[in-house]
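Visitor: I would like a close look at one part of this model, the charged side chains that pair with one another, and then a careful account of how that part sits within the rest of the chain.

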Amino acid sequence: MDNNLLNDRIGKLKNWEQTESLNEILYNALSSLHAYANDRFDSLTDEIRSEFALNDNPPEIKVAVCLEDKIDKQVFLRPVESQPQYGGARYITTVFASCDYPTIQKLTQRTYKASIQGDKETLQTQVELKYSVKYLRNIESLYYSFNENELRWTTVDERYFYKFLDVYSTRDHKQKKIEGFEIDFAEFSKYISYDKVLLWNVSPMTVPVAVCDPRPAYNAIQYEHVLKNVPLDEDKYILCSLGEKFNTFRRGRDMYVRTYKKQYEQFDLLRIISNAEAKSPLYLPVKSNKRKPGFIDSIAERRFMPTWGEAERIIHSLGEMSGIRLMDIKTPPEQSPYMQLFYPDKDLSLYTCLDYNIFREENIVIKDRKPLMFTFKINTDDIWAYETMFYALSELQLYFYDYRCVGRLA
């Protein structure tokens, strides 16, 4: 009702008791309405303040290698699982190659004699080796989960991933069940082992919804799901793809998932176990993508300049970069094929860079980027030298996105 009309009606009342009574009623009604609005505002403010991002920082991913007969002794680390529809008719097994990167390149460029014993017959065939899709697809899946959860991607230290090779027959073996096999790896036999398993601190889990609260939002309904029995301690949780936009957050000790199309009865999560410092025996120790940020990192995060000093800062902030030194940065002349310039006297097929971020969507944004070569000196002559370099390159690529980062060891 218009205020002038209301005042006019009140002013025409002849009985002062009625006027006072009406004024009191209006005062109480408006006071109650004002108090209700304040209570609702305070309640909404408290709710928003108690709601914060589930993962303030990217989770730390840890990887290790274990012997098959000691997996049961691992408390925190989990085997890296095979992705669905993995393998195929020609897949035989996965092996671990304890040799350096150039040797693995030679190992994967030829075939080997094999005998496969199956439920039907014994097949004499040839086999070939490829980098293990069984394991590498997990990294790609993890990357897209980071994107959908709006987490900043940080390169996983994948040096162990690239020592596992899948073995395929060069023709279909048509065996429903492989009961045994023998493979002659010739001079490479001393590097090959069958009893190693890749572990990491990522554990898939399915969690039921305790409560789903539909709430109005503009011209639609959004659904706030409270997840049941999710201990929000030091571990972090990433929601697997839903096929729609979602948000994850925590309110107090509860984990919430907000969706916009429908409500759910359960969710698939990836639990990133934080205290994954395995005390039980490991064949190869835990490696992680944990950074060692310094004061400069805190002020340079959004003010990055592609300089030598910034490249050194990035390299030394990586947790596993002890013993590596940046020696040179240069761009080759445009008329020179960059691989010939970098490795004029080498078999070029041995120096194809492992791309830890081959699945990154940014790779298609800038086409025909100029190569930028980083020359490293690594104070060790072990089998991990090249993988260490490629790990550094993959992280540098996230910053030097105008170039295609390549590298070599001095």
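**Salt bridges and their surroundings**

Guide: In this predicted model, Asp235 and Arg271 bring their side chains together in a salt bridge, with N and O 2.6 Å apart. This pair ties together distant parts of the chain, since Asp235 belongs to the loop between S12 and strand S13 (236-239) while Arg271 is in strand S16, 36 residues apart. The two partners are covered to differing degrees: Asp235 has a relative accessible area of 9% and is therefore buried, whereas Arg271, at 24% relative accessibility, counts as partly exposed. The cut-off that matters here is 20%, because a residue is called buried under that value and partly exposed between it and 50%.

In general terms, side chains of opposite charge can pair when their charged atoms come close. The structure holds twelve salt bridges, and several of these share partners, so that Asp213, Arg215, Glu224, Arg251 and Arg258 are joined into one network. Within this network, Glu224 and Arg258 form a salt bridge through their side chains, at 2.9 Å from N to O. That pair too links distant parts of the chain, with Glu224 in strand S12 (residues 220-227) and Arg258 in strand S15 (residues 254-259), 34 residues apart. Glu224 is buried, because its relative accessible area is 3%, and Arg258 also counts as buried, at 13% relative accessibility.

Another pair of the network is Arg215 and Asp213, which form a salt bridge whose closest N and O atoms are 2.9 Å apart. Here Arg215 counts as partly exposed at 25% relative accessibility, and Asp213 likewise counts as partly exposed, at 31%.

Strand S16, which carries Arg271, also leads into the nonpolar interior, as S16 (266-272) is one of the elements that supply at least two residues each to the largest nonpolar core. This core has 56 residues, and those with the most contacts inside it are Leu142, Trp200, Phe374, Phe376 and Leu396. Besides S16, the elements that each supply at least two of its residues include strand S2 (62-67), helix H4 (133-148), strand S10 (196-200), strand S19 (370-378) and helix H8 (385-397). The largest share, eight residues, comes from H8. In soluble globular proteins, nonpolar side chains tend to be buried together.

Leu396 gives a view of how this core is assembled, for when its neighbours within four places in sequence are left aside, Leu396 is in contact with Ala311, Ile314, Ile315, Phe374, Phe376 and Cys405. Apart from this core lies another one, of 17 residues, among them Ala97, Leu107, Ile183 and Phe185.

In strand S2 one finds Val65, which counts as buried because its relative accessibility is 0%. Beyond its neighbours within four places in sequence, Val65 is in contact with Tyr160, Phe164, Lys196, Val197, Leu198, Leu282, Tyr283 and Leu284. The C-alpha atoms of Val65 and Pro285 are separated by 7.0 Å, although these residues are 220 residues apart along the chain.

A polar pairing without opposite charges can be set beside the salt bridges: the side chain of Thr125 makes a polar contact with the side chain of Ser169, at 3.1 Å. Thr125 lies in strand S6 (residues 122-131) and counts as buried, at 7% relative accessibility. Its contacts outside the four neighbouring places in sequence include Tyr112, Lys113, Ala114, Ile116 and Thr170, as well as Ser169.

On the surface, Leu30, Leu33 and Tyr36 form a nonpolar patch, with about 360 Å² of accessible area together. Leu30 is part of helix H2 (residues 16-50) and counts as exposed, at 57% relative accessibility.

Taken over the protein chain, there are eight helices and 20 strands, and buried residues make up 42% of the 410 residues. Of the contacts between residues at least 6 apart in sequence, 78% join residues at least 24 apart. The protein chain exposes about 23300 Å², of which carbon and sulfur atoms supply 49%.

Note on methods: Residues numbered from 1 in each chain as written. Predicted model: local features only at pLDDT ≥ 70, side-chain atom pairs only at ≥ 80, totals over all residues. Heavy atoms only, no water. Core = buried A, V, L, I, M, F, W, Y, C linked by side-chain atoms within 4.5 Å. Buried < 20%, exposed > 50% of the residue type's maximum accessible area, 1.4 Å probe, protein only. Helix = DSSP H or I, 4+ residues; strand = E, 2+ residues; numbered from the N terminus. Contact = heavy atoms within 4.5 Å. Salt bridge = Lys/Arg side-chain N within 4 Å of Asp/Glu carboxyl O. Patch = residues over 30% accessible without salt bridge, like charges linked within 9 Å, V, L, I, M, F, W, Y side chains within 5 Å. Areas by Shrake-Rupley, 256 points an atom, 1.4 Å probe, with all protein chains shown as cover. Polar contact = N/O pair within 3.5 Å; in protein donor to acceptor, adjacent residues only side chain to side chain.
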